[in-house]
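Here are a few notes to read alongside the model. Have it open while you go through them.

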Amino acid sequence: MLVIPNFIDMKKSTSNQSPLKIYCDIFGHKYEVSKKVTSHVKEYTCKCCKKQLTTNSNGNLTELTPKFKEINTALEQIYTRRMMRLKQKTLSSSIY
Ligand SMILES: [Zn+2]
């Protein structure tokens, strides 16, 4: 009769911490652009632990808090509206 020792399961349940998080702590986060808000403001997400950063009004990187998410959404709307208007302008001027 095969007896599976209990301590294997115990070991599994105690090692709860994600190894990827430890990797980030040691080697730093691996950020990649997850969203382009405007030509200056971007949102970054860490490939390992999914931590998010964004560019703030000073051009520095800061943690993407719900407040910054709100700001970025507003910025994006203004930016896309402006870009659309610019596009329409160039389109109409190329026709005439
Ligand atoms: Zn990370």
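1. Start with residues 10-15: pLDDT (the predictor's confidence in each residue, from 0 to 100) stays under 50 there. The model gives this stretch zero contacts beyond four places in sequence, a contact being two residues whose C-beta atoms, placed from the backbone, lie within 7 Å. Where pLDDT is low, the predicted coordinates should not be read in detail.

2. For the protein chain, pLDDT averages 84, and 78% of the residues score at least 70. This is a predicted model, where local features need pLDDT of at least 70, side-chain atom pairs count only at pLDDT 80 or more, and totals for chains, interfaces and linings use all residues. Residues are numbered from 1 along each chain as its sequence is written.

3. Now the sheet: four strands (DSSP runs of E, at least two residues, numbered from the N terminus) form an open sheet in the order E1-E2-E3-E4, with antiparallel pairing. Pairing takes at least two DSSP bridges between two strands. Strand E1 (31-36) and strand E4 (61-63) are at the edges with a single partner strand each, so one side of each has no neighbour in the sheet.

4. How many bridges join E1 to strand E2? There are five, and E2 covers residues 42-46. Thr45 in E2 is the bridge partner of Glu32.

5. Finally, look at Tyr79, which sits in helix H3 (residues 66-95); helices are DSSP runs of H or I, at least four residues. Tyr79 touches Val37 and Thr38, leaving aside residues up to four places away in sequence. From Tyr79 to Ser39 is 40 residues in sequence and 8.7 Å in space, C-alpha to C-alpha.
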